[in-house]
Amino acid sequence: MSAVPADQWRAKAQVARQAGDVAGALAILEQGVAALPADAALANSAGHAAMGMKDFEKAAHQFASAVQLAPDVLEFTINYAIALTSMERYRDAAAALEPFAREGQNVARYCSVRATAERGLHNLAEAAHWYDRCIDLEPGHPRALHGRARLALERGEPSAASRYEQALAVTNGDPELWLGRAQALDAAGEVNAARDIAEQLFEQAPHWLEGLQFLAQLRLAAGEADFASHYETAMGRAPQDPAIPAELCAVLAGRDRNKDAAAIAQRARTRFPNDQQFALLEAVYASASGEVERAETLWNSLLVESREDRLHLARHRLRRSEFDRAEILLDSVLEEDPMSVSAWALRSVLWRLTGDQREEWLHHQQGLVAFLQLHDADKILPSAIAKLHQIHDASAQPLGQSLRGGTQSRALLFDRTEPEFSALRGAILSTIEEHRAAMPHRDPTHPILRHRDTPWEIAGSWSVRLTGGGDKHASHIHPLGMISSALYCECPQAESAAADADPRAGWLELGRPPEDLGIGLEPIAAFPPRAGYLALFPSTLYHGTRPFPDGRRMTVAFDVTPVREAV
């Protein structure tokens with residue numbers, strides 16, 4: 001008896017799909033693959049069916065089989081790479097595509113997928129090359145146009161706004177494209193045009209969180225005290241959407257308005273009585289605002305399960321000086337996630353409060369904190385500083401960050417295309433290696449020293465410009481970092497700081513807990529601003545800056561992390 005041919009398996013699957021049985025169609029094709037294991041095209045069809053189910057792992061398996069059976073067929077490899085990028089396996093996707101680079105450079109679909117893989121690897125120049133090649137081959141390719149426009153915005157290219165306009169000419173109804181164009185216009189200094197688009201997006205989609213956030217950012221930059229009032233309007237227009245009040249809580253808390261955030265959460269708890277998140281949010285923000293007993297009542301009524309919830313509860317226990325209970329919570333988080341910067345930072349505060357000698361091991365070993373002169377500072381900094389001022393002149397105070405006053409650069413500074421920042425990045429990497437060489441030996445139990453000998457990379461980068469009169473950084477941590485930093489580019493004059501009542505005005509402080517914890521610990525180290533010098537310290541240390549009376553302070557900051565493949 002002869003086997004059922006591949007086209008009949010496909011026909012049966014098509015009947016199931018037309019009947020709305022997508023899972024059944026996939027099952028039929030999987031049966032076909034089992035019956036005809038040497039048919040690459042049938043495995044490819046099964047991969048497509050799995051993609052339709054968003055079962056990317058199963059799709060990758062089927063596409064991989066097709067590639068193994070027919071390694072010279074470009075279509076199968078492209079499909080395999082698409083499944084891999086859907087699982088964020090960008091390195092595997094790029095590796096699968098690379099052997100076809102010569103052939104693929106003339107295939108728009110290949111170029112688009114290759115660009116996605118390179119972007120996922122943060123090879124932005126390579127991603128731009130492949131997007132450009134795709135657009136050369138197919139000028140109306142919507143994914144490539146959108147991806148290239150987003151890259152232009154992230155890299156600070158002057159063409160960003162026009163690239164979004166080009167993409168909108170093909171896909172005019174995509175709100176993400178309109179938002180991107182508004183962001184590009186804002187970055188180019190065309191704030192009114194950006195505001196017009198943001199307000200139109202709000203009118204058309206008042207429930208869209210990304211649009212709400214951007215409008216809040218513009219209103220904050222414009223100096224509007226009630227910069228988030230449009231969230232209230234949005235809640236009135238979409239009263240059954242719990243995401244809006246939850247987002248408003250986060251926005252208000254990000255500006256130290258914890259009491260207002262707690263009030264919003266309380267209102268939402270009444271509207272959504274079966275949604276525990278609002279009781280949780282009310283407990284979090286009530287505790288942060290100083291209403292600790294109100295928060296205690298709420299916490300006692302909650303089922304605390306996630307790591308994030310336990311971190312919030314640990315903060316609350318620290319505010320109540322319930323150190324044993326806080327320790328149990330932090331231990332449970334770190335048992336599940338030994339890399340949790342947030343938990344280590346709170347554990348540091350706890351150990352200092354209780355006099356635990358392990359704090360010496362955690363943050364006081366010689367070499368964990370450094371204040372080093374930037375390599376080649378005299379050659380590199382002057383031109384970089386000039387470019388930084390140009391960026392800050394068109395920047396604003398960001399939403400949801402530790403900055404209180406001043407401006408912060410958009411996106412990632414070292415993703416930009418200016419050669420001045422490439423040179424600065426190189427000097428920083430060289431200085432970081434000097435710091436590594438002076439660090440204590442590798443310690444597999446230490447949150448920083450466990451990575452002492454693994455490859456490192458810069459994961460985030462930005463610049464901050466503060467002016468006197470109260471600008472500062474609130475005490476905070478970078479939860480995704482391993483080593484954090486502050487490179488001083490410009491500093492207030494020493495005599496200006498000395499004339500102020502605060503002898504440490506403008507200084508960087510390491511280890512002072514954030515104000516909302518209500519814990520009066522002093523910093524474990526502090527550095528005066530000194531142009532051309534780089535402070536490097538564990539990301540597990542809370543850090544902030546003191547306000548200064550006059551002058552200007554401009555820094556470049558970044559996080560260092562282990563290279564992902566090395567972890």
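Ser 321 counts as partly exposed, because its relative accessibility comes to 48%, and I should say at once that this value, like everything else I will show, is computed from a predicted model. If you look for Ser 321 in the structure above, you will find it in the loop between α20 and α21, the latter covering residues 323-336. What I would like you to notice there is the backbone, since phi of Ser 321 is near 60°, which is a positive value in a residue other than glycine.

Please keep that in mind as we move along the chain to Asp 376, which is found in the loop between β1, residues 370-373, and α24, residues 377-393. For Asp 376, too, phi is near 60°, again a positive value in a residue that is not glycine. Is Asp 376 buried or partly exposed? It counts as partly exposed, because its relative accessibility is 48%.

Let me now turn to another aspartate, Asp 309, whose place is in helix α20, residues 307-319. This one is buried and yet has no salt bridge. Which side chain of opposite charge is nearest to Asp 309? That is Arg 310, and it is 7.6 Å away, whereas a salt bridge would need a side-chain nitrogen of Lys or Arg within 4 Å of a carboxyl oxygen. Once we leave aside the neighbours within four places in sequence, Asp 309 is in contact with Leu 280, Trp 299 and Val 304.

Trp 299 takes us to the interior, for it is listed with Tyr 110, Tyr 231 and Tyr 285 as having the most contacts inside the largest nonpolar core, a core of 134 residues. To take one of these, Tyr 285 is in contact with Cys 249, Ala 250, Ala 253, Asn 258, Ala 261 and Ala 262, with its neighbours within four places in sequence left aside. There is also a second, separate core, made up of 33 residues, and it includes Leu 381, Phe 421, Leu 536 and Phe 558.

My last stop is His 543, which is found in strand β10, residues 543-545. Why does His 543 count as buried? It does so because its relative accessibility is 5%, and buried means under 20%. The side chain of His 543 reaches the backbone oxygen of Leu 541 at 3.2 Å. If we do not count residues up to four places away in sequence, His 543 touches a number of others, among them His 476, His 478, Glu 509 and Phe 537.

Terms used. Residues numbered from 1 in each chain as written. Predicted model: local features only at pLDDT ≥ 70, side-chain atom pairs only at ≥ 80, totals over all residues. Heavy atoms only, no water. Core = buried A, V, L, I, M, F, W, Y, C linked by side-chain atoms within 4.5 Å. Buried < 20%, exposed > 50% of the residue type's maximum accessible area, 1.4 Å probe, protein only. Contact = heavy atoms within 4.5 Å. Helix = DSSP H or I, 4+ residues; strand = E, 2+ residues; numbered from the N terminus. Lys, Arg positive; Asp, Glu negative; His and termini not counted. Polar contact = N/O pair within 3.5 Å; in protein donor to acceptor, adjacent residues only side chain to side chain.
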